[in-house]
Amino acid sequence: MEDKNTLNPEILPEKLVEEVEEEFHHINNPAAGIKPIVKKYLGIPIGAEQKGNKFFFTDGDARVEVTVVTDEIIRVRLAPHSVFLDEFSYAVPKLEKKVSVFGLREDENEYIVSTNIVNCHVRKKDFFISFSDNQGHETSSDAVPMHWEENVKFGGYYVYCTKECHSEESFFGMGDKPTEFNLRGKRLQNWNTDAYSFAWNQDPLYRSIPFYISLNEGIAHGIFFDNTFKADFDFGAEDPTKTSFWADGGELQYYYIHGPHMMDVVKRYHILTGTHPMPPLWALGYHQCRWSYYPEAKVRMVTKTFREQKIPCDGIYLDIDYMDGYRCFTWNRKYFPDPKKMIKELADQGFKTVVIIDPGIRVDDNYSVFKEGKENRYFCRRCDDYFMEGHVWPGRCQFPDFTNPEVREWWGGLFDELVQLGVAGVWNDMNEPAVFGSGTFPDDVRHQYDGHRGSHRKAHNIYGMQMVRATYEGLRKLMKNKRPFTITRAGYSGVQRFSSVWTGDNVASWEHLKLGNIQCQRLSISGISFCGTDIGGFSGEPDGELFTRWIQMGTFSPFMRAHSAGDTKEREPWSFGEPYTAINRKFIELRYRLLPYLYSAFWEHHRYGFPILRPVILQEQEALTNHFRQDEFTYGDKILICPVLEPGQKSRRVYLPKGKWYNFWTYELVDGAKEIVVPTPLEIIPIFVKAGSVIPEYPVMQYVGEKEIDEVKLNVYYTETEVNSFLFEDYGETFAYEQDIYLEKKFVVKGKDSKLTIQQSMEGLYTPRYENYHFNIIGLPFRPSRIIADNKDITDFIVNKDKTVELKFAKNFKQIEILK
Ligand code: GLC
């Protein structure tokens, strides 16, 4: 086979050659300085071969593999000289084939691998790859053939893929990128980076999620470029007609994920990379953090004030100062003389203690963790076998190689003592990995990579994920049947299987409030639903208004934690005095009231792959005007939130998707599919509930488990259509749900002008302890004369001044009819 060192004009039509050459100038790769850039292209396919659900095409030298994963997911891989890399991915733990009907066709121009839903076309003349649906619509197409470039310094290849970008195509996803929600026109990089006080448009940040969703002419598809090397994405930035992604090494390997709805794409991305396990219920409560609460007296003062102020709180954090010289798994006995006693007494008041653990292990032969790691050769080494050393909080450190399963096992076991002390959760930080001065490890550091050895170039982006995996798996073993809580700063696709995340060191500014809103929505559609920002901003000083607006937004972040740097002023919900304290309390209470709703949305995420936060575009992708909306989102599928993101804002515009919505505060019914103006005094952010919803509510508690729940309130919002709602219930802290011990309840609400019917059905094995529901019927267009519940007349219902109707009835009811 000839060496295709340059563009081969015999293979590429003349115009394309020009385009391709043009493309070379556009792509800034690290080798761009070395001229000439020598890219290689595939030749002409000379045949196709099938092995199970994999199809291979070759030009005699390079090979392309097309794997049918499900009816809607197809993976494409390229091996420049026929040899594919090991089939191994940290993101996709098991590539299970979930498709029965698929096959290969061929015509004069192309090979076509098809399922019932999608077709992957491999053009015979030039190996162009495109995808179409079963209606014949082309959904994605290469703009130039897949290409690669030898990497002389490290071996392997730079790999490139360039697809067509259409004039109205929009792009979403990619994790925590701090930029507009729609990524059209952006060029972004994935290389996990400690980005203290990051700015709008700063890139890259802490996480690498090489997954994007394209939306063009109302049809969505996703691309997941599962490559852990430093990777770049260009969404029509250099050339508005092209979308490219490329990496410094590894394989050109991507999954095409069919829609046509964005929600389908997101759900299917979860099929590949997994979902969050169910968190302990308390982890959905409010968390209070600061760098650092110490000594013990300070921790006790903060926690005591929460209870005195009657502001609910579940999580209390110990940042690095709890340790002895920042040595992980040790305690500073001067500050914390008896951690077990303190943690126990905090637990008695409902506080769950979460401690920080960083990857840097202090080089110190008198420190057992270092000694063990050293003796067992668990720390990362450079290419010439020197240990990888760098300075972090403890001073000179070495770093465990979390890509080694034996190291992960050891690390997991190190939590034994913390678990014995009663620690309920672990916070993994600095795991990009961050190193003072140099930023991170040098490229030549070696990693075991679960037997698929590689340098730091390959392992950098998954280092943090493997650290929190080791933490989570260790805690899971040690805590027996209890659900651990973990939070990580760094991650790669699939990190959600092991942890929640926060968006890192943000700033106390209105701009960061806006950014946080976008980042959480973006993380949510990128697999990471359990996310939140440092409420109030990590660095800098918010005023009372900004802090309160942040608490209000944070009430609707799946993870809700206030955190601040040590050199800032006190930052608890009462720190700004009135009226702020009262408003902060009211919103944190609302968080607790809505816990069963959030918990059910979490179940929908865990079990079915729905994101918890759902941007408007996910719900109404047909409307071009929605492509650029980024403020409003729904929390679960029933409650629409629009945070207030400007200082002094007395009212704001809110877009309501189609359908009818109730103003949560006033019960006013509003028609959707339009923007409305909503008053936003300090104590209000716009919250709307979809007509027909059943929103479950717990009584306000100061912490999860404070009270035995003796009844659950069901807020039923009248509708003239038929609407389903769900409620998930289980023990809230064990893994019994993995043995199917839980209850999934479905409510169906149907209304007419003379009648409202609420039906309930349930599936599952769990029996909640409470006996009754307390119904609160909202928006009933008539005064009820009769209420029949499971064939019994209910006489003791109340009609309130605001026309809401209240009644109580058994939790196992089947049908309630409210008649005019
Ligand atoms: C990093 C973290 C921050 C933490 C600090 C000290 O900056 O992002 O959350 O408080 O380190 O541990």
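Biologist: Which residues of helix 10 are buried?
Modeller: The model is a predicted one, and in it helix 10 runs over residues 544-554. Eleven of its eleven residues have a relative accessible area under 20%, the cut-off for buried, so helix 10 is largely enclosed by the rest of the structure. By name, the buried residues are G544, E545, L546, F547, T548, R549, W550, I551, Q552, M553 and G554.

Biologist: What covers the buried residues of helix 10?
Modeller: Since eleven of the eleven residues of helix 10 are buried, the cover can be described by the elements that surround the helix. It includes two helices, helix 9 (510-525) and helix 11, as well as strand 20 (286-288), strand 33 (534-535) and strand 34.

Biologist: How many helices and strands does the chain have, and what is its radius of gyration?
Modeller: The chain has 13 helices and 53 strands. For 820 residues the globule rule gives 28 Å, and the value for the chain is close to this, so the chain is as compact as a globular protein of that length. The C-alpha atoms fill a box of roughly 90 × 70 × 50 Å along the principal axes, and the radius of gyration itself is 28 Å.

Biologist: What share of the contacts in the chain with a separation of 6 or more comes from residues 24 or more positions apart?
Modeller: As background, 65% of the 820 residues count as buried, and the chain exposes about 29,600 Å², of which carbon and sulfur atoms supply 49%. Among the contacts with a separation of 6 or more, the share that residues 24 or more positions apart account for is 69%.

Biologist: How far apart do the centres of the positive and negative side chains lie?
Modeller: Two sets of side chains enter here, 99 positive and 116 negative. The distance between the centres of these two sets is 5 Å.

Biologist: Which residues have the most contacts inside the largest nonpolar core?
Modeller: The largest nonpolar core has 188 residues, and helix 8 (residues 456-478) gives the largest share of this core, nine residues. Apart from it lies another core, of 41 residues, among them A62, V68, C161 and C165. Inside the largest core, the residues with the most contacts are I357, W411, F775 and I777.

Biologist: Which residues is W411 in contact with, leaving aside its neighbours within four places in sequence?
Modeller: W411 is one of the residues with the most contacts inside the largest nonpolar core, and its partners include I357, which is named beside it for that core. Leaving aside the neighbours within four places, the full list is F329, I357, D358, I361, P400, F402, M467, A470 and T471.

Biologist: Is G494 buried or exposed, and which residues does G494 touch beyond those up to four places away in sequence?
Modeller: G494 is found in the loop between strand 30 (491-492) and strand 31 (500-502), and at 0% relative accessibility G494 counts as buried. G494 and G274 are 220 residues apart in sequence but 6.1 Å apart in space, C-alpha to C-alpha. Not counting residues up to four places away, G494 touches A91, Y269, T273 and M465.

Biologist: How far apart in space are W574 and K752?
Modeller: W574 is found in the loop between strand 34 and helix 11, and its relative accessible area of 17% makes it buried. Beyond its neighbours within four places in sequence, W574 is in contact with V302, T305, F306, Q309, I311 and T581. K752 is 178 residues away from W574 in sequence, and from C-alpha to C-alpha their distance is 46 Å.

Biologist: Which prolines follow the cis peptide bonds from E432 and from E578?
Modeller: The bond from E432 has an omega of about -5°, and the proline it joins is in the loop between strand 26 (425-428) and strand 27 (446-447). The bond from E578 has omega near 5°, and its proline is in the loop between strand 34 (560-562) and helix 11 (580-593). The two prolines are, in that order, P433 and P579.

Biologist: What are the relative accessible areas of Y667 and K803, which have a positive phi although neither is a glycine?
Modeller: Y667, with phi of about 65°, lies in the loop between strand 39 (660-663) and strand 40 (669-671). K803, with phi of about 75°, has its place in the loop between strand 51 (798-799) and strand 52 (805-810). Y667 is partly exposed, at 27%, whereas K803 is exposed, at 60%.

Notes: Residues are numbered from 1 along each chain as its sequence is written. This is a predicted model: local features need pLDDT of at least 70, side-chain atom pairs count only at pLDDT 80 or more; totals for chains, interfaces and linings use all residues. Side-chain values use heavy atoms; hydrogens and water are left out. Helices (H or I, at least four residues) and strands (E, at least two) are DSSP runs, numbered from the N terminus. The radius of gyration is taken over C-alpha atoms; the globule rule is 2.2 Å times the number of residues to the power 0.38. Buried means under 20% relative accessible area, exposed over 50%, partly exposed in between (1.4 Å probe, protein chains only). Contact means heavy atoms within 4.5 Å. Accessible areas come from the Shrake-Rupley method with a 1.4 Å probe; for residues, only the protein chains shown count as cover. Lys and Arg count as positive and Asp and Glu as negative; His and the chain ends are not counted. The place of a charge is taken as NZ of Lys, CZ of Arg, CG of Asp or CD of Glu. A nonpolar core is a set of buried Ala, Val, Leu, Ile, Met, Phe, Trp, Tyr and Cys residues joined through side-chain atoms within 4.5 Å.
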